[in-house]
Amino acid sequence: MNAKTRVSALLRSPFVIGAVTATVIALLILLLWPERSNTPGVKATSGMNMDAAAPMAEHDGRAAMNLDDGAAPTNEHDGHAAMNIDDGSKTMTEDESRQLTISPAQRALMKIETVPVERRFPIAELRLVGKVTYDETRLAYITAWVAGRIDDLLVDYTGVTVRKGDHMVKLYSPELLSAQEELLQAHRGLIDLSKSSVSSLRSSALDTVESARDRLRLWGLSANQIKEIERTGKASEHVTIYSPATGVVIHRNAQEGMYVDIGTRIFTIADLDAVWVQLDAYESDLRWLRYGQNVTFTTEAFPGKNFSGVVSFIDPVLNATTRTVKVRVNVDNKEGQLKPEMFVRATVFAQFAGSGRILDENLIGKWVSPMHPEVIKDAPGQCPICGMNLVPTESLGYANATPSDAVAPLVIPVTAALLTGKRAVVYVEVSDTEQPTYIGREVVLGPRAGPDYVVESGLVEGDLVVVSGNFKIDSALQIQAKPSMMNPEGGGSGGGHNHGGG
Ligand SMILES: [Zn+2]
């Protein structure tokens, strides 16, 4: 084989064709590099010669990433743009195939920055909106316990504050009148028989009185009212209905002169000393939300004032229309500033503890009431409010170990990960190399927490991941037809479009 045929064979070889293609693409990319236009005095052909301190070889007709400070010029030829990075002729291993070696000056030009992979507990910040509602457990209804006619509505407008025991309604009830007569009759019988020597008669008279009292009590008369009837010996035509709770009258359903049946609701009273805030959470927020979590929020009415409460319920069902889940927050409102229907903007901070758990230093190893999240105890027992058994916070999705005991998850900044749908690529600086060397790794990411991603696999603590310049590294690999984020299989096209021949 003579020299001429060897050269022409070489020119036809796939490698040379690939190299020429890559070179042309490199030229195009360098010409289109956005920073170029911002730098005065740089010729259109000089590619990456931007704000780097190191002087660089500029030659007309040559776009060069060959920034070796004038060190031995390599395969530069007019009309060629050369990345002057591994010449690609050797067979590469899986790892080396994603590897890029550049000069320190190139590193500066590409503005590559790295940070170490850390182990810590990242904090997610959730922002939610919602509104203030009544605390449903603090609503009280005043209903007619006996049929009758409302003769006097003592509280006749909504919004008025009433105290427990305030009189609300005077009801005329024929049924109640006859029940009182029965009581008085039984009472007189008891007095008559008190002198009797027959004890069975006495006890039977006492039974009659007791059952008459019971009946009145079941119709809503207080023990004092019953005593008063017995003392005066007079049945009253009217019965007064008192408020069972302190709060604000939010509904009045009856008018004076109206006849009511047993069970007719006359008033609704809401105790606003505590209110609920109902927040809307998206599905993606749910992993961060837990029963018992602290929530801070602001309102339009009191700008700058932070209110706070505790998550007391997370709806088990998603609203199909809004695609959100209701999260209820219990809020103390002794000052009375929060009013039902007010809009709120809430913030929840959740610290990720790994394995889908949330780290809350106040809840480590504690026991909470399943109905009253404000009840937090050091040991098992019963809720002082409702008597239910306390449950360990661990069962509610909290971490049960202190941060110093638990192994923190691996975390990288969000900017380190190049995402393409199903895969994430991170560039890692290779240590102990003469020239800056970067290698692409496919990693499995966990949830995003604020500015961080949790890393499930693919990196170890201390790995230096590229957080700035990683797109440029990826582009440089594409130009060399090596596997990159955009073109994971590597190969000739470099521009991310495969011809499907592979
Ligand atoms: Zn309770």
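In the predicted model, helix H6 spans residues 223-232 and lies largely in the open, because 1 of its 10 residues is buried. The residue that follows H6 is glycine 233, which has a positive phi near 70°.

Positive phi values also occur at residues other than glycine. Most residues other than glycine have a negative phi. One exception is lysine 111, whose phi is positive at about 55° although the residue is not a glycine. Lysine 111 is located in a loop, with helix H3 (104-109) on one side and strand E2 (113-116) on the other. The residue counts as partly exposed because 13 C-beta neighbours fall inside 10 Å of lysine 111, whereas a count of 12 or fewer would make a residue exposed.

Aspartate 432 likewise has a positive phi of about 55° and is not a glycine. This aspartate 432 belongs to the loop that connects strand E24 (423-429) with strand E25 (437-449). With 5 other C-beta atoms within 10 Å, aspartate 432 is exposed, since the cut-off for that class is 12 or fewer.

At the level of the whole chain, the secondary structure consists of 7 helices and 27 strands. The chain has 502 residues, and 31% of them count as buried. Considering contacts between residues at least 6 apart in sequence, 65% join residues that are at least 24 apart.

Definitions and conventions
Residues numbered from 1 in each chain as written. Predicted model: local features only at pLDDT ≥ 70, side-chain atom pairs only at ≥ 80, totals over all residues. Helix = DSSP H or I, 4+ residues; strand = E, 2+ residues; numbered from the N terminus. Buried ≥ 20, exposed ≤ 12 C-beta atoms within 10 Å, placed from the backbone. Contact = placed C-beta atoms within 7 Å.
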